[in-house]
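Colleague: I am new to this structure and would be grateful for a close look at a single part of it. Please describe how one pair of its elements is arranged, and set that part in the context of the whole chain.

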Amino acid sequence: MDALTILAVLFIGGISPGPSFVLVARTAIGNSRAAGMASALGMAAGACGLWIVAQLPHAPSPASS
């Protein structure tokens with residue numbers, strides 16, 4: 001594969017809606033705009049929490065010492 005094909009596939013994957021978009025849209029349409037905003041903020045908070053955990057240094061496990 002050439003680099004242009006790989007970039008095109010990554011671009012299409014980046015702009016396509018995923019399951020989180022579907023959940024937020026369904027919540028906003030089915031319940032209210034405030035409920036949709038709350039679910040979007042909850043997903044953003046969860047993503048930030050996972051990012052923070054991923055940035056923590058890895059402690060050595062007791063079995064390796």
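Modeller: In this predicted model, helix 2 (residues 19-30) and helix 3 (residues 33-55) pack with their axes 7 Å apart and at an angle of about 155°. Angles over 145 degrees count as roughly antiparallel, and helix 2 is therefore roughly antiparallel to helix 3. The two helices meet through S20, L23, V24, T27 and A28 on the side of helix 2 and through R33, A35, G36, S39, A40 and M43 on the side of helix 3. By character, the residues of this contact comprise 6 nonpolar, 4 polar and 1 charged. On the spacing of such residues, a general point applies: an α-helix has 3.6 residues a turn, so residues three or four places apart point the same way.

Within this contact, T27 merits separate attention. T27 belongs to helix 2 and has a relative accessible area of 14%. Because buried means under 20% relative accessible area, T27 is classed as buried. Apart from neighbours within four places in sequence, T27 is in contact with S32, A35, G36 and S39. Of these partners, A35, G36 and S39 are also among the residues of helix 3 that meet helix 2.

The wider chain provides the setting. The chain contains 3 helices and 0 strands, in the order α-α-α along the sequence. Of its 65 residues, 5% are buried. The accessible surface of the chain is about 5500 Å², and carbon and sulfur atoms account for 75% of that surface.

Helix 1 (residues 3-15) completes the description. Among its 13 residues the number buried is 0, so helix 1 lies largely in the open. At 1.5 Å a residue, helix 1 should span 18 Å, and the 19 Å between its end C-alpha atoms agrees with this.

Technical notes: Residues are numbered from 1 along each chain as its sequence is written. This is a predicted model: local features need pLDDT of at least 70, side-chain atom pairs count only at pLDDT 80 or more; totals for chains, interfaces and linings use all residues. Side-chain values use heavy atoms; hydrogens and water are left out. Helices (H or I, at least four residues) and strands (E, at least two) are DSSP runs, numbered from the N terminus. Buried means under 20% relative accessible area, exposed over 50%, partly exposed in between (1.4 Å probe, protein chains only). Accessible areas come from the Shrake-Rupley method with a 1.4 Å probe; for residues, only the protein chains shown count as cover. The expected span of a helix is 1.5 Å times one less than its number of residues. Axes are lines fitted to C-alpha atoms, for helices over the stretch in contact, and angles run from 0 to 180 degrees between N-to-C directions. Angles under 35 degrees count as roughly parallel, over 145 as roughly antiparallel, 65 to 115 as roughly perpendicular and the rest as oblique. Contact means heavy atoms within 4.5 Å. Ala, Val, Leu, Ile, Met, Phe, Trp, Tyr, Cys and Pro count as nonpolar, Asp, Glu, Lys and Arg as charged, and the others, Gly among them, as polar.
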